[in-house]
Amino acid sequence: MCSEHIPAGEMTSQLGIRPDDVSVRGSRFTEPTVIPVSHSWKIVCREPELRVDEQIAHVLDRLRLRTGRTAELVPRLAADGGGAVLHVVRYFNDTDQDQPETSDAANPFGWHLDRNVLYFLITVGAKLDVDEYDMALDEDTK
């Protein structure tokens with residue numbers, strides 16, 4: 001969740017759950033001048049052995065008990081250009097990351113959102129943002 005005016009501490013207070021990560025507006029850049037960024041409040045799952053849909057389920061399992069509180073907070077955040085977003089970020093061919101050593105590792109391709117996930121996103125007024133990056137070296141850079 002993010003907001004230009006509501007700090008992460010206030011989001012935590014309203015939701016009644018501690019985030020995994022927060023940022024404070026204006027804290028990322030200080031030179032030449034402070035460039036405002038949003039306050040942000042995040043629940044994350046960075047377990048690479050899980051499929052994307054399993055990671056999403058892990059995050060939403062923590063938030064579902066706060067669906068009503070989240071649905072009350074999101075319109076306040078959205079009023080100043082903020083809101084709630086489920087970010088999905090995947091990196092393929094990332095040679096800097098540990099790779100699974102077994103052949104029975106989860107297939108990273110393909111994932112789905114079940115009705116419960118869609119219902120949660122709609123109920124709280126959240127957006128879905130998916131980014132996928134191919135980290136393989138380009139033939140021209142070899």
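This is a short talk on the core, one buried serine and a surface patch in a structure.

Okay, so first off, keep in mind that we're looking at a predicted model.

Let's start inside. The largest nonpolar core has 25 residues, and the ones touching the most other members are M1, M11, W41, I56, L60 and L63. Who's feeding side chains into it? At least two residues each come from helix 1 (8-15), helix 2 (52-63), helix 3 (67-78), strand 4 and helix 4 (115-124). Helix 2 is the top contributor, giving 5 residues.

Now, M1. What does M1 contact once you skip its neighbours within four places in sequence? You get M11, L15, H39, S40, W41, T70, L73, V74, L77, G83 and A84.

Let me pick S40 out of that list. S40 sits in strand 3, residues 39-42. Is S40 buried or exposed? Its relative accessibility is 8%, and the cut-off for buried is under 20%, so S40 counts as buried. Its side chain has a polar partner too: the side chain of S23, at 2.6 Å. Leaving out residues up to four places away in sequence, S40 touches M1, C2, A8, D21, V22 and S23.

Okay, out to the surface. There's a nonpolar patch there made of V89, Y91, Y133 and M135, and together they have about 390 Å² of accessible area. Y91 is on strand 4, which covers residues 85-92, and strand 4 is one of the elements supplying the core as well. Y91 comes in at 48% relative accessibility, so Y91 counts as partly exposed; for exposed you'd need over 50%.

That's my tour, happy to rotate the view if anyone wants.

Technical notes
Residues are numbered from 1 along each chain as its sequence is written. This is a predicted model: local features need pLDDT of at least 70, side-chain atom pairs count only at pLDDT 80 or more; totals for chains, interfaces and linings use all residues. Side-chain values use heavy atoms; hydrogens and water are left out. Patches are made of residues with over 30% relative accessible area and no salt bridge: like charges are joined within 9 Å, nonpolar side chains (Val, Leu, Ile, Met, Phe, Trp, Tyr) within 5 Å. Accessible areas come from the Shrake-Rupley method with a 1.4 Å probe; for residues, only the protein chains shown count as cover. A salt bridge is a side-chain nitrogen of Lys or Arg within 4 Å of a carboxyl oxygen of Asp or Glu. Helices (H or I, at least four residues) and strands (E, at least two) are DSSP runs, numbered from the N terminus. Buried means under 20% relative accessible area, exposed over 50%, partly exposed in between (1.4 Å probe, protein chains only). A nonpolar core is a set of buried Ala, Val, Leu, Ile, Met, Phe, Trp, Tyr and Cys residues joined through side-chain atoms within 4.5 Å. Contact means heavy atoms within 4.5 Å. A polar contact is a pair of N or O atoms within 3.5 Å; within protein, one must be able to donate a hydrogen and the other to accept it, and residues adjacent in sequence count only if both atoms are side-chain atoms.
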